[in-house]
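Here are some exercises to work through with the structure at hand. Try each task before you read its solution.

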Amino acid sequence: MGWLTSLTSFFVNPALVLPGLALVSSPIIIHLINRMRYRRVRFAAMEFLLASSKRNRRRVLIEQMILLLLRILLVLLIMFLLARLVLNPDTMSLFRGAKTHHMVVLDDSGSMREIIGEGSAFREAVSVVQKLIDEGKQRPDSQKLTLVLLSNPAEPLVNQENINDELATRLETRLENINCTHQHFNLTNGLAVAGKLFANDTESIKHLHVISDFRQNDWSDKDAIEKRMAELKAGEVAVNLVKVVPKQNNNVAITLLEGNLRVAAAGVPITFTVGVTNFGDTVIEAKSVSVSVDGIQINKSVEFAEIEPGEEQAQTLEVAFNSSGRHAIKVSLDVDALSHDNERFLVFDLPDTLPVLIVDGNPGSDGARNLADALEAGQFAYVPQVVDASFLRKSPLDPFRTIYMLNVPTMQPDALDRLQEYVAGGGGLVWFVGNLVEDDFYFTDLHKNENRYGLDKIGLFPVPLAETPDDLDHPEFRDLAADVAFESTSIFANFKDFFRSSFFDVIRIDKFYPPAENWSSDDEIRKDGVRTLAQLRNGKPFCLEHQYGKGTVVTFLTGIDDEWNNWTRDPAGLSFIVAIHDMQKLISSEVGELKQYTVGTPIHRELSLSSYSKTVEIVAPGMPPVAIEASPPGLATTDDEASLNGSADPAAGDDAKTADTKTDEKTADQDVPKPESSGRSDIYIADFADTDTPGVYSVKLTTVDRETEETLYAFNVPTEESALKLATTDEIRGTLGDESAAQIQEPGNFTWLQGKEADQEIRRFILALLMLFLLAEQLLSYKLSYHPKPGSDA
Amino acid sequence: MTQDYRRFLRPEELSRIDRLEVRARHIVEGFLSGMHRSPYFGQSVEFVQHREYAPGDDVRKIDWKVWSKTDKYYIKQYEEDTNLRTTLVVDVSESMQFGEGAMTKYEYGCTIAASLTHLLLRQQDAVGMIAFDENVRSTVPTRSKKNHIHSILQGLSAESPREKTDIFRVLKHVAEQQSRRGMIVLISDCFVPRDGLFKGLKLLRHRGHDVLIMHVMDDQELDFDYTGTTRFIGMEEMGDLVCNPKSLRDGYIKAVTQFQDDLRLHCARNMVDFQTIRTSEHLDAALSHYLNHRIGMRQSVRN
């Protein structure tokens, strides 16, 4: 019956095709019946009749055949007229047949905000929806509409409602008020939800209209899309992809804004990296990125000379902040086709000082003092604190950005635990060995100790040490080879560039702790995650780096006092200071956490009622402050949030997380208390989901002492949505798979909607043909029949 | 059975024919003096002409007055009224059985025969009848008795029409039977081989008979007004045909017209009166039209 399906696709009223085809046989049947049911006449003048028959047989046959053919054609043409033949099914209206269910998946992702003409791609898409409704309401109650926003497919705006004037009026204002989000959504989720919604409808003819801009980004996941399309096809859903963006615009977006805040403090210049990506097809020249700090534009900008198409270029910017505390920085570009990605925000908490802990195994030695001096040098805000090993057992380690372990012979197990916890949580750790080091402890407890976090094979100390330190044999006269050769690695990259070889030459290493004999000094052979940052002249490692949990551990296999080397003394002392500071920038724990989120991520705050009041005030960019009430875990439902948001649009108030999750999972979440807060009954949760607008959000908590604590959150648009490169029809077809019969509508082409006119042209032609055939049939049948002359033969 | 033949004597029709005079166009040999001019020269008051004596002529007819004046032998010839001897040759073959109207051709033909018989007998003319199909089926001798009509009607009704017409044999038989010249009225649809018919007519004319053909045709045979698919079952073993009559009508009419034209042409050539009569026509009208036409058509011709 495939031919029949393909045949019916040429008709606006396919239901009439089969009866029409059946009727085609009627002239033949009538003819056959006439042949079978004849009158019997005994006739005398057979001679003349036979002569006439003999003479006219061929003519009569041909005439009869022509007449029969004409009558069949007449029936066919009438069927064409009634069933409304359309030559090109692509131009056919979707509003045909009996009960039709139109599901519209409206893409409201960030890229739909692209400016097209006087409106945006999203407005264009909304107008397509309105056109669809206008068309559908002309056949009231025979068309059903389900309208799904890609941002929230689980909760359709309209769910299987009959398209009629009432719905059209209701939706008109509602559609105008829908705003396009700034977020990135996966198209396959929309398709999956559409498939599920359609599964409940077994009666109607199903049409899925995906109205989107169809960027290449959306069509990269071929397997998933192919799978969804196959599911839809299996569900007998006709897929109609409606493009709304006619041509691709160039777009330049700020795709990166980050700052090195490990060593940031008030008054210390902070290096920010600004990345600009050219998503267009042409080279972009002379782009200037302006910078605002705490809402005020500063007299600094980042200049980009030339950016190739598709290239992301990064430039650095140094900004010093005079005061500690919360700061927000915003970088922005000129407005282009897609404006919201021309800005990027970053907020951070700037500390006054950067505490550093120096644990000295040999209290009173010069090493700790030299190190403290080195840290305090320059414009940095380091506050070193020299303690002995017992400090680790007593005091909290979290405030310290880095912990230096100098010649620490051994540690109590609880101290070791706390140190491990500190490093695994992101803290920086630097080892300097010394005479007191107990190689057994270092091997058994520090190196081999399988840490309890199960993160690494290697413990806090990267190598098994030899039993005793070794002397590096100095040649009498220096040759070109330095004692230490630094690798071009992350920590010492700048260092090496800056100092050149002459500065290395002055570093003299007298003693060092070699690794155990069986320890290979080749990183590639060991592959244990430990990197050699610097080697001694004899090939033994001098400086090693490895990750422990979130933290970084740097190990110097030498001591820090004069007995071991001259690094802390002039002339090599300068390089020591620089090395320590560079290292600090990379291994310090990040206390001033970068609060940078993607729009749509809900703000989730847990607060203890013993410290804070339940009311949380949230200031979204460009919006008046909104007060929400924190609720106990497990009670925070989507509906509550929506009502607390104070948002005018209920649909936009939904938890954005649900955009990518399924409905049933969401329901399950509501009953299960959040794990992190299940233990304490006074922990309340405040969720704020309406974070679609990019910018800086301020969350203010009020303490029981009526003091306000403010936290800033930076929300930026996802970079995926900045890539405006359109998927061509061929690319879409390629992604859909060969099996898919989806229709793809080009932008501005609405003939698929206005299909009622699609058969206009052919209808006139058929009508003319019908008249012609009728006339021919009448003439022929008149000719073939007997008509007595009037008045003759009374 | 005895009353059956009377159906051919439709009183109202016969009464209307009553007012007409049946007149022979040719002078027919007869025994009785009457209204008709005799084709024979006999004893009469009306002198017609003299003719030179030829050996074999009756010497009693020599006009001696002329001989006395001219010394030559002339004989006197007179015009003589005589009885009309009419032979009705009625086709009772199967094809005559056809009829879509009130009467079949056979019935119509018999009615004509009866009417003519009645008319002629009233005028003291002698009437004989031969009914035929393939062969001569019945023969009624020529008589002028009033009640002779019953014999003729019986001869007609006794026959159940069947089989194929073979007219030459019949006409030959008629010619042989009718040694005296008279009028031969052939009542038939003439659905016979044309050659045989023409040959027979020629023979009759050759024998000096005045031949009249009453060509009886049914309306449907002439007009072919059938509609709808029809199976035509041929009479006289002519075969069957299923057809849409509308489509064959033109060809059929053409063939029939051709047939009639043939007959008319041939009859005209042989001085045979030919008249097509539809079975739907009023019998008297047809007869009177024919007879009137016949009276005015030609002057008497003597041999």
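The exercises below concern a predicted model and how its two chains meet.

**Exercise 1.** Work out the strand order of the open sheet formed by three strands.

*Solution.* Start with the order, which is E1(A)-E8(B)-E9(B), with mixed pairing. Next, find the edges: strand E1 (39-43) of chain A and strand E9 (240-243) of chain B each pair on one side only. Then look at the link across the chains, where E1(A) and strand E8 (residues 230-234) of chain B run parallel and are joined by five bridges. Finally, note the twist: neighbouring strands are turned by 20° against each other on average, direction ignored.

**Exercise 2.** Identify the helix of chain A that packs on this sheet, and the strands that it touches.

*Solution.* The helix is H3 (residues 46-83) of chain A, and it touches E1 of chain A as well as E8 and E9 of chain B. Its direction makes about 55° with that of E9(B). For chain B, look at helix H8 (residues 245-269), which lies across these strands at about 120° to E9(B).

**Exercise 3.** Find the partners of A:Arg42 in chain B.

*Solution.* Begin in the sheet, where A:Arg42 stands opposite B:Ile233 in E8(B). Now follow the side chain: A:Arg42 forms a salt bridge with B:Glu94, with the closest N and O atoms 2.7 Å apart. This falls within the 4 Å cut-off for a salt bridge. Between the two chains, the count is two salt bridges.

**Exercise 4.** Describe the contact between chain A and chain B.

*Solution.* Count first: 26 residues of chain A are in contact with 36 of chain B. The chains bury about 3100 Å² between them, 61% of it on carbon and sulfur atoms. On the chain A side, H3(A) gives the most, with 12 residues.

Definitions and conventions: Residues numbered from 1 in each chain as written. Chains lettered and ligands numbered in written order. Predicted model: local features only at pLDDT ≥ 70, side-chain atom pairs only at ≥ 80, totals over all residues. Heavy atoms only, no water. Pairing = 2+ DSSP bridges. Helix = DSSP H or I, 4+ residues; strand = E, 2+ residues; numbered from the N terminus. Axes fitted to C-alpha atoms, helices over the stretch in contact; angles between N-to-C directions. Contact = heavy atoms within 4.5 Å. Buried area = accessible area lost by both parts, 1.4 Å probe.
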